[in-house]
Amino acid sequence: MPLRPTVMALARRCLAAVAAIWLVCLPVGAQAIDKALDRLLEDSFTETLAAVDEIARSGNKNAADILEALADRRVLIDAATKTIVVKSPTGSLMDARTGAAIASEPAGLSPVRTNNRVRGAIEAAIGGLTLLSPDAAKRLAAADAVFKSRDAKALPVLDQALAREQDPAVKRALARARASVLLTDPTLGKPDLGAAVDALIDAGDAEALGLIRARLTSNTDPETRLLLQTAIDKGEQRQRTLAVAQNIWFGLSLGSVLLLAAIGLAITFGVMGVINMAHGEMVMLGAYTTFTVQELFRAYAPGAFDWSLAVALPLAFLVTGLIGIAIERGIISFLYGRPLETLLATWGVSLVLQQAVRTAYGSSNKEVGSPAFMSGTFDLFGLSIAWGRMWIILFTLVVFASLLLVLKATPLGLQMRAVTQNRRMAAAMGIRTRRIDALTFGLGSGIAGIAGVALSQIDNVSPNLGQSYIIDSFMVVVFGGVGNLWGTFVSAMFLGIANKFLEPFAGAVLAKILILVLLILFIQKRPRGLFALKGRAVEA
Amino acid sequence: MHVSRRRILAGASLLAASAFAGPAAAQDTIRVGILHSLSGTMAISETTLKDVMLMLIEEQNKKGGLLGKKLEAVVVDPASNWPLFAEKARELITAQKVSAVFGCWTSVSRKSVLPVFKELNSILFYPVQYEGEESERNVFYTGAAPNQQAIPAVDYLMSKDGGEVKRWVLAGTDYVYPRTTNKILEAYLLAKGVKKEDIMINYTPFGHSDWQTIVSDIKKFGSAGKKTAVVSTINGDANVPFYKELANAGIKATDIPVVAFSVGEEELAGVDTKNLVGHLAAWNYFQSVKSPVNDKFIASWKAFTKNPKRVTNDPMEAHVIGFEMWVKAVEKAKSVEPDKVIDAIVGVEVPNLTGGTSKMLPNHHITKPVMIGEIRADGQFDVVWQTKGLVPGDAWSDFLDGSKDLEADWVGKKCGNWNTKLNKCGS
């Protein structure tokens with residue numbers, strides 16, 4: 001917005017005045033808000049509800065701030081002394097009646113309680129008050145609030161806001177809100193109705209479509225019905241296309257989570273042939289590393305919290321990588337060529353690790369926070385996409401690409417491939433195979449740890465975290481073809497998307513069963529998976 | 001794979017048991033069994049209950065014990081393994097000679113130990129809200145029956161303060177508790193005039209972690225222009241990703257409130273609750289309830305665990321009530337003999353932590369207040385509604401065919417499923 005601060009202040013004052021004029025033509029004064037504030041002292045939902053309405057209509061310049069604070073439990077009261085204090089998000093205090101700042105918090109204050117009904121009313125009221133706010137995000141929220149409340153009194157301000165809006169996203173939201181208000185008016189003329197319906201279809205979401213449907217059921221005029229029905233058909237067509245796109249997106253997202261969990265196993269199981277039942281616990285340890293790092297950040301550098309994941313990533317890789325090397329040196333290296341014993345031993349290791357974490361951290365879930373850039377959603381052609389999921393997909397791709405690079409383009413990767421393809425010949429060429437074994441296992445475990453950092457963002461961090469991924473991980477690796485990274489990639493994405501297309505029809509439980517059955521049938525037909533390795537490596 | 005794991009566990013516990021049972025303890029103490037999983041999936045919830053029992057027993061001993069003897073806690077770990085629950089229960093009763101057992105969380109673990117308690121005639125105190133449709137002579141249900149949690153929660157959502165909800169999503173984990181509860185709720189909603197197409201029922205596997213499709217379905221279901229709410233019987237670990245996805249999808253409590261029956265203060269400890277403000281839970285106890293007994297309990301719990309951040313929850317309160325009731329019944333019967341305690345305990349009244357007095361009923365359920373709480377940004381709950389008085393627990397739901405004619409009465413009729421129509425014991 002090219003407005004200078006003074007102009008903005010003016011606009012804000014204008015807004016208060018406008019709000020006062022269009023809502024009621026009551027004298028603007030201190031008494032109105034005083035009476036409303038007195039209601040808050042009762043701390044009863046009915047009184048608070050009435051107070052919200054009165055504060056919104058009072059025309060007081062602090063009205064929006066007070067209402068916002070009320071919704072956030074930042075309005076503090078003391079019924080005995082009739083004190084009402086508004087706390088700002090930064091912690092500074094203000095007397096609600098006079099607007100004067102208060103230096104220190106008086107004792108004995110308690111927040112005014114709210115419930116969903118009160119908060120809903122507050123959202124609607126703030127929507128009416130902040131439609132002209134200089135902050136685009138606030139205007140967007142206001143437009144959505146008016147869309148929900150469908151408050152006809154907001155129409156004049158809505159028109160005014162629409163006329164001067166520059167931001168296309170906010171403009172669309174305002175148009176949608178205006179159309180929703182118009183649509184509730186049963187006397188609306190046909191041209192206006194057509195325009196309103198067009199705006200709603202343009203918005204394209206299911207809620208807007210629901211409004212048109214509701215209008216259709218209450219309308220008898222055949223011409224209007226036709227107009228509405230055509231619009232609904234158009235909207236539904238769009239919804240269907242969106243549903244397919246959404247399923248693909250959800251599938252990719254699930255697939256990336258599967259891939260992330262399985263990719264470390266693709267190395268330890270796929271490349272080395274070790275059935276590592278403790279793989280899930282490496283993921284879990286990665287998640288706990290993230291938690292520990294975040295705790296340190298919370299304690300020592302709360303301002304840099306958004307960087308906690310960046311610090312946790314290399315640390316998780318190191319921690320789980322080293323534990324992996326220790327497991328390989330201490331246990332697995334004695335058991336090469338004895339898959340059953342390896343399976344049992346690593347299963348035992350997994351139980352030990354779980355219980356160790358349970359003893360050290362307690363059995364309850366740990367809260368891992370999301371940095372700001374990973375929360376919220378954005379709109380892509382009507383598809384609402386969560387930033388968190390988006391980053392996880394990108395992260396998975398980066399991890400996958402780096403792993404390919406390590407295997408294909410570094411000396412370590414070359415030696416790894418040599419050892420797994422023909423151990424004795426590699427040894428004859430001077431490669432220290434035992435060292436390579438340990439490093440390979442460490443790499444697989446380290447990547448599982450990195451996966452844990454990402455999964456801590458979407459799943460719960462508890463000692464059981466790993467268990468829920470171990471079966472899925474084996475499924476992905478076996479389906480993709482043991483020993484083939486690209487196979488793992490394709491199989492994870494395929495399983496993710498297939499799951500998401502089955503889920504809407506079959507339900508989550510049946511979808512999972514169906515996928516398993518299909519997988520078993522497939523393995524019967526092709527025991528080596530999608531992309532079977534050919535040649536001597538298979539026999540080794 | 002599972003077999004081998006079980007064998008390992010069973011072997012380990014056998015070793016532990018033989019080490020324990022070695023010197024036959026002289027009965028100069030009264031032994032109390034604690035049967036909660038300390039490892040495996042359910043450890044997350046049950047470990048806390050073991051700790052609270054240890055604290056209660058310690059406090060009772062400080063007060064001079066019971067019948068002039070000290071109480072002694074016997075802790076076993078059934079490791080979230082349902083058949084192992086039965087084995088461990090048998091060990092507690094026969095080898096450890098405990099006078100009463102406090103334990104179990106999931107309904108399937110309770111069902112697994114029932115035959116053992118009946119056969120050996122001992123006493124189990126079960127502290128968790130459950131699906132009802134059961135009343136056994138040897139079991140005392142101190143958690144909520146459906147009429148003490150689910151039905152009042154739905155009533156609240158239908159009221160003006162609750163948002164006058166017209167469309168319902170019943171979402172649950174796929175096992176006996178959610179299935180039975182949802183069956184009762186569906187029958188109740190249909191009886192209240194809700195149309196069939198306004199009810200959506202959805203089940204997910206244990207530990208479900210990818211909620212994208214279901215949350216987007218809920219969002220779509222809620223956009224039909226009628227006020228929509230989700231009634232969640234989702235259990236355990238699946239809750240955290242479910243709430244994370246709700247927040248991701250931008251579903252606010254003012255749009256589509258979610259009322260949960262298995263989410264309390266402990267479960268919320270793992271979630272960032274800033275985006276969940278206003279979602280609801282129905283319980284008989286919340287930590288935030290202001291009462292002198294509750295303040296005292298919270299303080300001693302924090303002191304006992306040496307952790308000022310530890311939270312309290314509803315099943316903990318149920319154990320507090322159950323333990324107090326058992327103590328009073330033993331004092332009344334002047335004996336720890338199960339038969340005498342079972343007869344003495346009905347009618348016993350003890351103060352609950354929310355300021356009322358709970359009473360053991362002839363159907364072996366208790367009276368409790370029902371409260372609806374809204375999640376606050378700090379992970380605690382604000383009580384926004386509560387029943388005027390205490391609600392007596394009803395073992396057999398009045399809204400299911402085949403169950404509405406049944407009554408449980410262990411005093412007059414000596415029967416857990418008395419058919420009032422046929423006037424005989426048994427359905």
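How many of the residues of H8(B) are buried? I started my notebook with that, keeping in mind that this is a predicted model.

**Entry 1: a covered helix**

I went through H8(B) and found that 10 of its 10 residues are buried, so I wrote "mostly covered" beside it. The buried residues include Pro241(B), Phe242(B), Tyr243(B) and Leu246(B). I was pleased to see that Lys244(B) and Glu245(B) are buried in H8(B) too.

Next I asked what covers the buried residues of H8(B). The cover includes pieces of both chains: strand S6 (377-380), strand S7 (383-386) and helix H15 (387-409) come from chain A, while H7, strand S9 (258-260) and helix H9 (265-268) come from chain B. Just after H8(B), I noted Gly250(B), which has a positive phi of about 70°.

**Entry 2: where the chains meet**

That cover from chain A sent me to the contact between the chains. I found 45 residues of chain B in contact with 45 residues of chain A. On the side of chain B that touches chain A, helix H1 (2-21), helix H2 (43-62), strand S7 (199-204), helix H7 (212-221), helix H8 (239-248) and strand S15 (381-386) each supply at least two residues. The largest share, 5 residues, comes from H7(B). I sorted this side of chain B by class and got 13 nonpolar, 20 polar and 12 charged residues.

**Entry 3: the domains**

I looked up the domain assignment of chain B and copied out domain 1 (19-145 + 295-368), domain 2 (147-285 + 371-392) and domain 3 (396-427). The centres of domain 1 and domain 2 of chain B, taken over C-alpha atoms, are separated by 29 Å. Their contact takes 23 residues from domain 1 of chain B and 20 residues from domain 2 of chain B. On the domain 1 side, the elements giving two or more residues are H2, helix H4 (107-120), helix H11 (314-333) and strand S13 (367-368) of chain B. The residues on that side divide into 7 nonpolar, 11 polar and 5 charged.

For chain A, I wrote down domain 1 (5-129) and domain 2 (243-539). The C-alpha centres of these two domains of chain A lie 51 Å apart.

**Entry 4: two helices side by side**

How do helix H11 (residues 222-271) and helix H18 (residues 433-455) of chain A pack, and at what angle? I read an angle of about 170°, with the axes 8 Å apart. Angles over 145 degrees count as roughly antiparallel, so that is what I call H11(A) and H18(A).

I then picked out residues that meet there. H11(A) brings, among them, Val257(A), Leu260(A), Ile263(A) and Gly264(A), and H18(A) brings residues including Phe441(A), Leu443(A), Gly444(A) and Ala448(A). The contact of H11(A) with H18(A) has 14 nonpolar residues, 5 polar and no charged.

**Entry 5: strands in chain B**

I followed an open sheet of 3 strands in chain B, in the order S17-S18-S19, with antiparallel pairing. Strand S17 (406-409) and strand S19 (424-425) stand at the edges with a single partner strand each, so one side of each has no neighbour in the sheet. Strand S18 (residues 415-419) is joined to S19(B) by 2 bridges. One bridge I traced pairs Asn419(B) with Lys424(B) in S19(B).

Elsewhere in chain B, 5 bridges join strand S14 (residues 371-375) to S15(B), and these strands run antiparallel. Gly373(B) has Val383(B) in S15(B) as its bridge partner. S14(B) and S15(B) form a hairpin with 5 residues between them, and in the turn Gly379(B) has a positive phi of about 85°.

**Entry 6: loop residues**

Which residues other than glycine have a positive phi? I noted Asp43(A), with phi near 55°, and Ala79(B), at about 55°. Asp43(A) is in the loop between helix H2 (30-41) and helix H3 (45-58) of chain A. Asp43(A) has 15 C-beta neighbours inside 10 Å, so it counts as partly exposed. Ala79(B) sits in the loop between strand S2 (70-76) and helix H3 (82-95) of chain B. With 22 C-beta neighbours inside 10 Å, Ala79(B) counts as buried.

My last stop was Asp401(B), in the loop between strand S16 (391-392) and S17 of chain B. Asp401(B) counts as exposed because it has 8 C-beta neighbours inside 10 Å. Asp401(B) and Ile184(B) are 217 residues apart in sequence, yet their C-alpha atoms are 9.7 Å apart in space.

Methods:
Residues are numbered from 1 along each chain as its sequence is written. Chains are lettered from A and ligands numbered from 1 in the order in which they are written. This is a predicted model: local features need pLDDT of at least 70, side-chain atom pairs count only at pLDDT 80 or more; totals for chains, interfaces and linings use all residues. Two residues are in contact if their C-beta atoms, placed from the backbone, lie within 7 Å. Helices (H or I, at least four residues) and strands (E, at least two) are DSSP runs, numbered from the N terminus. Ala, Val, Leu, Ile, Met, Phe, Trp, Tyr, Cys and Pro count as nonpolar, Asp, Glu, Lys and Arg as charged, and the others, Gly among them, as polar. A residue is buried if 20 or more other C-beta atoms lie within 10 Å of its own, exposed if 12 or fewer, and partly exposed in between; C-beta atoms are placed from the backbone. Domain bounds come from an automatic or database domain assignment. Axes are lines fitted to C-alpha atoms, for helices over the stretch in contact, and angles run from 0 to 180 degrees between N-to-C directions. Angles under 35 degrees count as roughly parallel, over 145 as roughly antiparallel, 65 to 115 as roughly perpendicular and the rest as oblique. Two strands pair if DSSP finds at least two bridges between them.
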